[in-house]
Amino acid sequence: MFRGTFSIERADGRGYVVDQADTGVRRPSLARASAAMAVATATSRVSGLLAKVLLVVVLGLGMVNDSYTVANTLPTVVNELLLGGVLTSIAVPLLVRAQQEGPKQGESYAQWMITMGGVLLAVATAAAVACAGLLTALYLGADTRANAELTTAFAYLLLPGIVCYGMSALLQAILNVRGVFGTPAWAPVFNNLVVIATVIVYALVPGEISTDPVRIGEPKLLVLGLGTLAGITTQLLVMVVSLRRSGFRYRWRWGWDRRLSEFGGLAGWVVLYTLISQAGMVVITRVTAQGTPGSVATFNYAWLLSQVPYGVLGVSLLTALMPRISEAAAAGRTRAFVDDVAWGTRMTAVLLMPVSALLVVAGGPLAVAFFSLGASDVAAAGRLGWALAAAAAGVVPFGITMLQLRAFYAMHDARTPTWINAIMVVVRSALCYLVLATVDPQDLVLGVTAAMSASFLLGAVVGQVWLRARIGSLRTGATLLGCVRALVAGAAGALCSLAVLAGVRSLTGPLSPMVDAWMALVLHGIVVLAVSLGVLALLRAPELKPALQKLGRLARR
């Protein structure tokens with residue numbers, strides 16, 4: 001007998017829904033779990049933003065930050081290839097099935113999964129550290145303007161984090177299946193706090209990181225590399241303590257489980273999805289690394305900043321919506337499935353479009369206000385601002401695409417999302433190389449970010465067409481009308497905000513870059529959001545009331 005459902009969110013935006021078995025353990029409600037995840041996600045994003053700001057203050061947006069950024073992504077890449085996709089398609093369903101057989105069976109199966117996953121990750125970590133130079137060469141290429149030797153030095157220090165990333169994801173899945181949501185959602189915050197402390201120590205340590213020659217034993221390099229590794233290790237330790245407090249006790253368990261074969265086909269498509277995504281990231285990194293020093297870090301920061309509204313608003317919406325979509329798909333209630341997908345698409349547009357419009361016009365001021373301090377400068381922050389504006393233009397298509405992919409997963413179809421992802425990656429890669437051939441190096445990061453946003457717009461269109469071909473009518477007219485209303489409201493807010501700012505600047509005259517940035521940021525924030533909501537109200541958008549209610553609930557929580 002089932003109590004309900006819950007959903008788990010991954011870093012790349014994909015998620016899945018599993019059933020909670022009635023095992024005698026008191027489970028939190030979906031609403032409470034969603035609220036906890038939303039608040040924790042918001043806190044994690046804010047603390048992560050602070051860590052990024054401090055990194056720019058002490059490193060700037062140059063060669064050292066590029067090297068650190070590329071090396072810091074390598075552990076997550078290897079972990080995704082090994083465990084990330086498999087965890088989505090295999091681990092959680094099998095954990096739930098074992099838990100349904102009884103608490104002892106669920107615990108023994110989780111013990112087995114920790115044993116086998118830990119061994120796999122340990123072997124992969126050793127191999128990755130041994131091949132650190134090859135991984136750096138793969139991501140940077142031969143034509144890079146980044147420092148390959150420094151990137152490799154950071155990689156030696158950061159690649160051991162593969163074990164921590166993989167085991168953190170696995171323990172989070174086990175905790176979620178056992179009904180524990182709060183601690184796993186808050187664990188990344190502890191990671192961010194350790195990184196913030198690391199940056200402060202880095203700033204206090206005398207000396208500089210040498211780039212010619214690179215010396216891996218330099219104090220600053222060791223502090224930054226080992227401190228970052230300590231952050232993800234802390235995140236894992238928080239998971240371990242939480243799992244033990246939930247009553248779980250670990251024992252070594254070996255052998256092959258026959259139930260894995262039942263999920264082999266689904267896992268194959270999800271692993272292929274992951275491989276395609278990582279191939280796309282290799283292209284983006286290689287192309288961006290041929291721009292001016294700091295381009296890789298600039299792209300990374302712009303992308304992370306643009307994902308903040310989706311991480312707080314979009315994930316919260318889909319966490320609540322996915323159980324309904326999955327239930328309708330499982331029961332064969334096509335009309336309810338279509339209604340929920342269409343409603344989710346319109347709500348995604350209404351929730352995210354005003355914030356997207358705000359980031360488009362306020363990207364420059366935001367970057368200057370937060371990222372032109374210390375070792376950085378206004379020019380580098382300005383490039384980050386333009387890149388953020390280009391990335392923000394793709395926030396709504398990204399959210400809609402993630403919803404569509406989850407709709408296919410709800411229908412137990414892992415093949416179609418993989419093909420849609422392949423289409424996006426191929427087009428994105430082609431656009432990146434077109435940008436490389438036609439754009440000046442200093443503007444390369446802007447072109448690559450725009451290519452990323454354009455690929456998600458294509459993905460949203462392809463996903464809508466594919467879903468319609470699969471299940472028939474999708475209420476496309478009503479969905480398109482809702483998205484157009486949101487677009488009109490966002491555009492009106494952006495234009496009014498630019499006009500107000502121009503008027504204020506004509507009255508104040510020239511100001512210092514920092515004062516002007518903060519003034520523009522405040523004006524944009526007030527005018528864009530107020531006008532966007534006002535236009536939606538004038539257009540009588542039916543999605544406005546539930547959107548405001550959701551925002552109110554998030555604010556209260």
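**Entry 1: a buried aspartate**

I started with D413, which is buried, with a relative accessible area of 10%. Since the cut-off for buried is under 20% relative accessible area, D413 falls in that class because its value is 10%. I kept in mind from the outset that this is a predicted model.

Which residue does the side chain of D413 meet in a salt bridge? I found R470 there, with N and O 2.7 Å apart. The two come from distant parts of the chain, 57 residues apart. D413 sits in the loop between helix 14 (395–410) and helix 15 (415–438), while R470 belongs to helix 16 (residues 444–471). R470 counts as partly exposed, at 41% relative accessibility, so I noted a buried partner and a partly exposed one in this pair.

**Entry 2: the other salt bridges**

How many salt bridges are there by this rule? The count came to three, and I looked up the remaining ones next.

R505 forms a salt bridge with D516, and their closest N and O atoms are 2.7 Å apart. R505 lies in helix 17 (residues 476–508) and D516 in helix 18, so this pair ties together parts that are 11 residues apart in sequence. I checked the cover on each partner: R505 is partly exposed at 35%, and D516 is buried at 18%.

I also looked up R215 and E218, whose side chains meet in a salt bridge at 3.6 Å, N to O. Here R215 is partly exposed, with a relative accessible area of 45%, whereas E218 counts as buried at 10%.

**Entry 3: two helices and what follows them**

D516 had brought me to helix 18, so I checked its length. Helix 18 covers residues 513–538, which is 26 residues, and it reaches 36 Å from its first C-alpha to its last. That is close to the 38 Å expected at 1.5 Å a residue. Just after helix 18, I found R540 with a positive phi of about 55°.

I tried the check again on helix 8 (residues 219–245). Its 27 residues should span 39 Å at 1.5 Å a residue, and the end C-alpha atoms are 37 Å apart, which agrees. After helix 8 comes G247, and its phi is positive too, near 100°.

**Entry 4: the chain as a whole**

I stepped back to look at the totals. The chain has 19 helices and two strands. Of its 557 residues, 56% are buried. The accessible surface comes to about 22,700 Å², and 67% of that belongs to carbon and sulfur atoms.

I then asked how the contacts are spread along the sequence. Among contacts between residues at least 6 apart, 82% join residues at least 24 apart.

**Entry 5: the core**

Which residues have the most contacts inside the largest nonpolar core? I wrote down L95, I114, F154, L159, I174, F337 and F371, in a core of 140 residues. Helix 12 (residues 334–371) gives the largest share of this core, with 17 residues. I was reminded of a general point: in soluble globular proteins, nonpolar side chains tend to be buried together.

I followed F154 a little further. Leaving aside neighbours within four places in sequence, F154 is in contact with V64, S67, Y68, A71, I209, L221, L224 and G225.

S306 was my next stop, in helix 10 (residues 295–306). Is S306 buried or exposed? S306 counts as buried, because its relative accessibility is 0%. Not counting residues up to four places away in sequence, S306 touches L359, L388, A391, A392 and V395.

**Entry 6: helix 3 and a surface patch**

Last, I looked up two residues of helix 3. V119 is found in this helix, which runs over residues 103–130, and Q111 has its place there as well. V119 is partly exposed, at 34% relative accessibility, whereas Q111 is buried at 3%.

Where does V119 show up on the surface? I found V119 in a nonpolar surface patch of about 410 Å², made together with V123, Y250 and W252. W252 also turned up beside Q111 in my notes: the two are 141 residues apart in sequence, yet 6.6 Å apart in space, C-alpha to C-alpha.

Methods: Residues numbered from 1 in each chain as written. Predicted model: local features only at pLDDT ≥ 70, side-chain atom pairs only at ≥ 80, totals over all residues. Heavy atoms only, no water. Patch = residues over 30% accessible without salt bridge, like charges linked within 9 Å, V, L, I, M, F, W, Y side chains within 5 Å. Areas by Shrake-Rupley, 256 points an atom, 1.4 Å probe, with all protein chains shown as cover. Salt bridge = Lys/Arg side-chain N within 4 Å of Asp/Glu carboxyl O. Helix = DSSP H or I, 4+ residues; strand = E, 2+ residues; numbered from the N terminus. Buried < 20%, exposed > 50% of the residue type's maximum accessible area, 1.4 Å probe, protein only. Contact = heavy atoms within 4.5 Å. Expected span 1.5 Å × (residues − 1). Core = buried A, V, L, I, M, F, W, Y, C linked by side-chain atoms within 4.5 Å.
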